[in-house]
Amino acid sequence: MSESKTFIASPSPSLKGAVKAPGDKSISHRSLIFGAMAEGVTEIDGLLEGDDILATARAMASLGAKVEKFGQGHWKVTGKGRLQSPNDTIDCGNAGTGVRLLMGAVAGYPVNVTFDGDVSLRKRPMKRVTGPLASMGARFDWKLDEDRLPVEVKGGKLTAIDYVQSVASAQIKSAILLAALNASGTTRITEPEKSRDHTERMLVAFGAKVDVQEVGEGWVIALEGGQSLRGTSVSVPGDPSSAAFPLAAALIVPGSEVTVEGVMLNPLRAALFDTWIDMGADLTITNRQMAGGEEVGDVTARYSRLKGIVVPEMRAAAMIDEYPVLAATAAFAEGQTVMRGIGEMRVKESDRIALMVAGLRACGVEVEEEPEGFVVTGGPVKGGATVDTAHDHRIAMSHLVLGLAAEHPVAVRDPEMIATSFPGFVALMNGLGAKIA
Ligand code: S3P
């Protein structure tokens, strides 16, 4: 990685311009995994070439698919309709989505696969996925500590399950659905609260039948085992989770106006935009159209006098990755922004509640920490601090955005992880007028 060990964001003049959002990370992982499990050729356009995705691309090659890159974001995966045992341990790097979906993908084949990851991924719980996969018949051999990587997955014959999610997690749902493709019987997953539905949409695009019934605020997803996937073309839309950073910067740096083009607007991903609008943000969406089975649009943010709100807890799943950047903008809002019902933030790439609380406080912002949330009191932000990121890309980018509008520069340690989801972040931001060095 070429990026240096500390980035410093300095108070910036207004940000202006239009940029394209990098490809969506969730859809990029899935396009490679589905392409490798399918029979035939899958052509992918707009693939995010972040480190997390490159780790998944290497994983699919070692599981037997042919994975080729033809140009920027243009990849071809030739699958054999099955996965095979790799020669070596699969290192998923920093990617929770990569490893959790892959454990489900391999579980239904007669393979032995050991998965590992970096220091952050080795700290994250895996039983939430291996538990349901074990009840389908897969076996797991923890190499160091139970519930943590590295783990060996021993796949084979699986039986369908009925599973009720206790947390709204697309990673758990997706791992079960991928395993269910090769299980005998019909697997049913009940989500009392909906999580992102990219897997369900992509299963259909690859020729599988999935039945989805709405129930209350959630849904029940049923998939009959023994279905095979056929290669197809995937056009990856822009990632709303990445688009959030330049848009956030525009909202808090006076005089700014920034457009991010081609942002995916799937309602299970775009709740941050609703939340910002509730806070008084001048945010407009134009050029709405369908691309790759998802609605996309160009999102324009202009500098706004934000006001604090109580973020509806029902939105948590649809913006779970966006609370760090929301908190950075809330630091400039008038009054309190209350973010609750987000305990899941503590088991992401880092304990994101603890890290945001520490980082914001270091920058002079008043924050109250709660077990499952936090409350930010906005006002002028002092900055003038060096912040720990625990190798978490979104913690790093959130504090860099904050530093652009603070009174004094904000430095972030270990920003290399930004490349997992947003390669070229600093160049893109500086191209808009930001001062990050
Ligand atoms: C993801 C699901 C979410 C999210 C992650 C990507 C996915 O995790 O935080 O960044 O692509 O399925 P959970 O399913 O654990 O909530």
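These are my notes on the ligand site and helix H4 of a predicted model.

**Conventions.** I number residues from 1 along each chain as its sequence is written. In this predicted model, local features need pLDDT of at least 70, side-chain atom pairs count only at pLDDT 80 or more, totals for chains, interfaces and linings use all residues, and side-chain values use heavy atoms, with hydrogens and water left out.

**Ligand shell.** I listed the residues with a heavy atom within 4 Å of the ligand. They are Ser26, Arg30, Thr97, Ala168, Ser169, Ala170, Gln171, Arg196, Ile320, Asp321 and Lys348. Helices H1 (25-37) and H5 (170-180) each supply at least two residues of this shell; I take helices as DSSP runs of H or I, at least four residues, numbered from the N terminus.

**Polar contacts.** I looked for pairs of N or O atoms within 3.5 Å. A polar side-chain atom of Asp321 is 2.7 Å from a ligand oxygen. For Lys348, a side-chain N or O atom lies 2.7 Å from an oxygen atom of the ligand. Ala170 instead places a polar backbone atom 2.9 Å from a ligand oxygen. I then checked the ligand's area: 390 Å² is exposed when it is taken alone, and the protein buries 95% of that (Shrake-Rupley method, 1.4 Å probe).

**Helix H4.** I looked up which residues of H4 (127-136) are buried, meaning under 20% relative accessible area with a 1.4 Å probe, protein chains only. They are Val129, Thr130, Pro132, Leu133 and Met136. These residues lie on the same side of H4, because they cover an arc of only 165 degrees around the axis, taken from the directions from the helix axis to the C-beta atoms. Just after H4, I noted a positive phi of about 125 degrees at Gly137.

Terms used:
Buried < 20%, exposed > 50% of the residue type's maximum accessible area, 1.4 Å probe, protein only. Polar contact = N/O pair within 3.5 Å; in protein donor to acceptor, adjacent residues only side chain to side chain.
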